[in-house]
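Visitor: Please take me through the salt bridges in this model. I would like a close look, pair by pair.

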Amino acid sequence: MIPNSLPILTILVFLPLACCLLLLPAWKRPRLAFSLALASMLLELALTVGLFASWKGLAAVQTALPGFLLLEDRSWIEAFGIRYTLGLDGISLLMVMLTAFSFCVAILVSWRAIKERAVLFLVLLLAMETGIMGVFLSLDLALFYLFWEVMLIPMFFLIGVWGHGRRIYSTIKFFLFTLFGSLLMLLAIIALHLFHAQQTGVVTFALHALLKTTLAPHTQLWLYAAFFLAFAIKFPLFPVHTWLPDAHTDAPTAGSVILAGLLLKTGSYGLIRFGYPLFPQAAHILTPLFYTLALIGIIYASLVAFAQEDMKRLIAYSSIGHMGFVAIGIAAWQPVALSGSIIQMANHGVTTGALFCLVGMLDERAHTREIAAFGGLWGKTPLWSFFFLFFSLASVGLPGLNNFVGEFLILAGTMKSSPLVAALAFGGIVLTLIYMVRLVQEVCFQEERQPLELTDLVPRELCLLALVALLNLWMGVHPAPLLDLIRTPVRLLIGGGP
Amino acid sequence: MFDNVWLIPLFPLLGFLINGLLGKKIKNETVIGGIGAFAVLCSFAVSCMTILKLLSLPGEERLANVKVFTWMTCGNFNADIAFLIDPLSCVMIMIVTGVGFLIHIYSIGYMHGEEGFYRFFAYLNLFMFSMLLLVLGNNLLLMFVGWEGVGLCSYLLIGYYFHKKSAGDAGKKAFVMNRVGDFGFLLGAFTLYWFMGHNFNVWTIQFTELGKNAHLLPTGGVVTVITLCFFLGATGKSAQIPLYTWLPDAMEGPTPVSALIHAATMVTAGVYMIGRMNFLFIRSPETLMVIAVIGACTALFAATIGTAQNDIKRVLAYSTVSQLGYMFLAMGSGAFAAGIFHLMTHAFFKACLFLGSGAVIHSMHHALHHVHSHDDAQDMRNMGGLKSKMPLTFLTFLLATIAIAGIPGFSGFFSKDEILWQAFANPHHGQLNYLLWGMGAVAAGLTAFYMFRLVFMTFFGECRITPKAKDHLHESPMVIVIPLIVLAGLSVVGGYIGIPKLLGDLFGGIPNYFEHYLEPVFRLSEEYMAEHAAHGVAHHSVALEWGLMGTSVVIALIGIGIAFALYVVNTSIPAKFTATFPALHRAVYNKWYIDELYDYVFVNPCKALGRFLWKGFDVVVVDGVVNGVAKVVMSFGGIIRYMQSGFVYDYSWSMAFGVVVILGYYLFK
């Protein structure tokens with residue numbers, strides 16, 4: 001389907017950035033710029049879907065690394081052994097699809113909402129897409145770190161310039177938190193690099209070389225701790241989660257979609273791709289801590305979500321809870337649970353992204369997100385309410401919709417390695433329902449509490465949400481193709497049997 | 001053989017999609033209602049063919065797993081979309097589609113002119129779809145899909161009048177309490193899956209596979225934990241102590257919903273689930289005892305509350321809770337067939353009662369509406385004397401009432417008597433049996449009392465609404481009355497397929513067809529129980545059985561007699577009684593204050609904790625510490641100056657620059 005001679009991964013990563021240049025002549029014509037940017041994002045999406053459609057064919061051809069469908073490896077900064085290595089396996093393909101998809105959602109939801117400095121907004125969005133694609137595809141730690149930082153800066157501006165409320169406070173908080181984590185990670189990467197060079201004399205940042213480094217137990221623990229902290233902040237795990245509710249609440253809708261859909265996933269992805277494979281013993285030692293933080297996160301976030309008054313903040317807290325499930329699945333480090341976590345990363349991106357879109361649409365119309373301002377929307381804006389109910393139900397893990405599959409697999413797998421944790425995590429399922437049903441009840445049902453002039457969804461919004469809903473349903477009813485996709489990489493990561 | 005069984009849930013799903021997506025455009029009520037009802041009729045037809053096919057097979061072969069497609073498979077975990085056909089699931093699909101179809105027909109008349117007519121039928125069909133998945137699913141996961149699906153539909157339909165806050169709250173309560181139960185269900189399912197796999201290398205969630213390997217399981221211990229988890233799920237769905245309080249509130253929904261979901265089908269899912277996993281439950285005598293005790297307690301407790309309610313639907317709601325208690329009493333006594341039998345007869349007479357009450361409310365509502373009265377159309381104190389105004393409704397209602405009261409010859413008698421006898425004679429609970437029987441018998445008396453109280457207050461005596469409004473009372477249209485007649489007929493004759501052996505012998509050895517029919521499902525369990533019975537199989541004399549049967553009938557008659565005395569002969573006594581024992585009446589009338597207790601113990605602390613964690617902990621402690629650390633760090637670096645100058649751009653660029661510098665430093669050092 002896609003010719004093998006093309007450097008597809010490079011195209012995937014840099015196509016959005018190239019599109020930025022295209023936008024420069026259209027600086028004064030925001031509508032044109034929107035169309036161009038959307039076209040490039042759709043092209044990107046088509047590319048990833050094409051890859052997905054042909055992954056079985058690609059898997060038949062052996063690459064230099066087992067499990068990888070595509071690999072691009074060029075020398076870059078040779079003095080430090082930094083190479084430009086991009087690799088695509090089932091897990092990164094899923095993430096890359098999610099990325100391309102989320103950006104399409106983000107731009108469509110901003111279509112009318114972003115009026116000021118629209119082209120700058122698009123440029124940042126596209127730059128961020130490049131950064132995130134790079135994170136999901138890099139197999140060289142230095143390159144990974146570069147992309148890791150690249151994706152932050154556009155988000156910083158996105159919240160700071162187009163946000164609401166205390167946007168400056170929120171964006172600086174977001175930036176400091178993530179920066180703090182990533183600097184520690186950088187130190188750990190360099191240390192690992194140096195240890196490896198010491199042992200073998202080979203100067204490299206390549207993941208697959210570094211995997212073979214032998215480390216003293218306490219060294220491994222320290223290095224892992226640095227990685228873990230960086231990823232935990234992104235995740236976010238309790239107690240380093242407090243940047244998230246602020247950032248989400250004050251971000252523009254597109255920012256929230258990207259934050260929930262992708263930035264949080266870079267944390268879990270990093271842990272799966274780098275953290276666990278590089279430091280298996282340390283990860284094993286810290287598993288109880290990981291479990292504990294994830295469990296606290298689930299219960300804590302659910303209780304706090306229950307008390308929220310702002311819709312967006314409530315959904316932000318629900319994200320913390322959902323990511324807690326992903327964390328548990330990773331901590332179990334067991335095939336079924338890990339598959340569940342990976343699927344759940346995609347599921348959460350789709351569902352929570354859609355919820356943020358819905359709240360954004362409502363905010364555009366009513367200019368408030370206060371739960372107490374609404375009520376009886378089912379009568380006024382039935383389409384909006386239907387989709388809100390739909391995605392809320394997906395979020396609480398209703399069987400047949402996507403989140404259920406992920407949560408179910410996570411718990412089924414965790415049950416095998418640590419039944420107690422799984423049993424406690426079940427409690428989170430009940431709590432999730434309580435706060436989501438409360439939200440739906442207060443917003444969609446009852447009598448209206450403030451007279452608001454609201455219009456229902458316009459065709460663009462309707463199409464967008466309908467497509468996301470269908471995708472959601474497909475992932476819930478027929479997740480088998482996705483599970484097939486990640487089967488081999490998961491097996492290779494964990495090593496050994498089914 | 002059963003290749004087309006997937007059609008059974010498919011038709012309602014199609015009906016849901018058509019009405020859900022296009023209903024708003026169709027507008028025509030007859031078409032919308034027709035689509036909804038026709039979809040269920042098609043399912044009913046396929047169900048009939050399925051059960052006929054099943055009956056044509058010899059007893060041992062009445063079992064089939066029909067796979068449709070693989071849902072998810074991951075490692076050694078595998079879940080299919082597949083259906084299980086056996087006598088138990090067949091009897092359930094017959095009840096669900098049969099009673100469901102009648103209620104769909106009824107709804108066309110009852111919901112006439114309601115805003116969102118299409119929405120109602122879409123939800124109703126979605127419910128049918130979920131319920132059929134629940135009963136047909138051949139594995140725990142698919143059953144859980146239906147289990148949650150019916151909970152969702154119940155939530156949506158209770159909150160159908162979404163402008164009413166009380167309706168929304170009731171829906172929310174139902175959903176959340178069900179979720180608590182679901183937590184138990186899932187936990188039980190996972191533990192079972194893990195335990196079987198871990199110890200015996202049987203990684204499966206399929207019922208037939210689990211059943212085949214059940215002999216590996218120990219008695220008690222882990223099995224008790226698993227079965228108690230499942231039973232928690234059942235208490236949520238089937239409204240048993242301690243999770244019953246949502247069901248009376250659920251009466252906020254339209255009456256056909258109460259009949260279909262909250263009487264005939266969904267609430268019996270817990271009973272069905274225990275029946276489906278009988279091989280598991282018999283391996284834990286402790287759990288069986290818990291089930292029997294909870295069932296008996298619920299039967300009695302709910303019946304006491306039923307005696308003092310004035311809202312016609314609430315009386316029926318508590319009656320449903322109480323009757324479900326009987327079913328659990330049967331299950332806990334190991335009399336699975338008796339429990340399922342009562343499930344079926346109850347579906348007939350309770351659906352008839354609810355639909356009848358709906359007809360009364362409908363008529364009352366119109367009459368009161370005509371005279372612009374704001375009196376409560378559901379309050380029995382406003383009714384009275386309706387039998388001359390609505391003769392057909394009265395007649396059908398009366399027949400169903402006689403059936404539920406347990407008068408010999410009517411369906412409720414056969415099933416309830418079988419349960420009481422099994423509760424007395426089962427070999428599991430020793431001396432406790434006498435108590436269980438006693439509670440059941442007293443509850444039967446109370447049932448007869450409150451049901452006839454309802455009939456007398458509603459249909460007899462003087463009409464208590466204004467004479468003007470009275471003239472507007474009238475019998476319902478045929479579309480409403482015909483389902484009532486069919487259901488009343490079934491309430492009368494439905495019991496004759498399960499005549500107890502005692503009576504069957506009397507009339508020349510008529511066998512208990514129903515028990516015989518279900519035998520393939522429960523035979524292994526019954527054999528197991530006979531072997532492992534804790535107290536040995538006691539042999540009771542025929543005379544004793546006759547005596548007990550007579551006693552329960554006499555108790556029922558006494559209940560009817562008291563109701564007659566208090567609500568027909570001397571109607572001033574209830575008021576006097578209330579005046580004499582005000583505290584008792586208040587307690588019963590207010591449902592023993594259980595709702596208030598739950599609010600006080602669970603709901604309010606949870607709310608307070610949430611607020612505290614957010615305002616007091618998240619913002620102050622966690623955020624404060626982290627921000628404090630950041631501030632200290634920043635003030636050392638002098639960065640704070642930038643932050644306070646407000647130049648975000650400068651600041652952020654300097655941060656980005658810093659990253660590059662640090663990166664560069666390490667790279668080029």
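Guide: Here is a walk through the salt bridges, one pair after another. Keep in mind that the model is predicted. Over all chains, the count comes to 22 salt bridges.

Start in chain A. Arg313(A) and Asp246(A) form a salt bridge through their side chains, with N to O at 2.8 Å. Arg313(A) sits in helix α14 (residues 311–332) and Asp246(A) in helix α11 (residues 243–250), so the pair ties together parts of chain A that are 67 residues apart in sequence. Both Arg313(A) and Asp246(A) are buried. They also belong to a network of salt bridges that includes Lys173(A).

Now a pair within one helix. Arg438(A) bridges to Glu442(A), and their closest N and O atoms are 3.8 Å apart. Both residues lie in helix α19 (residues 419–444) of chain A, where they are four residues apart, so about one helical turn separates them. Arg438(A) is buried, at 13% relative accessible area. Glu442(A) counts as buried too, at 18% relative accessibility.

Move to chain B. Asp249(B) forms a salt bridge with Lys173(B), with the closest N and O atoms 2.8 Å apart. Asp249(B) lies in helix α9 (residues 246–249) and Lys173(B) in helix α6 (residues 165–200), so this pair ties together parts of chain B that are 76 residues apart in sequence. Asp249(B) is buried, with a relative accessible area of 15%. Lys173(B) counts as partly exposed because its relative accessibility is 22%.

Terms used. Residues numbered from 1 in each chain as written. Chains lettered and ligands numbered in written order. Predicted model: local features only at pLDDT ≥ 70, side-chain atom pairs only at ≥ 80, totals over all residues. Heavy atoms only, no water. Salt bridge = Lys/Arg side-chain N within 4 Å of Asp/Glu carboxyl O. Helix = DSSP H or I, 4+ residues; strand = E, 2+ residues; numbered from the N terminus. Buried < 20%, exposed > 50% of the residue type's maximum accessible area, 1.4 Å probe, protein only.
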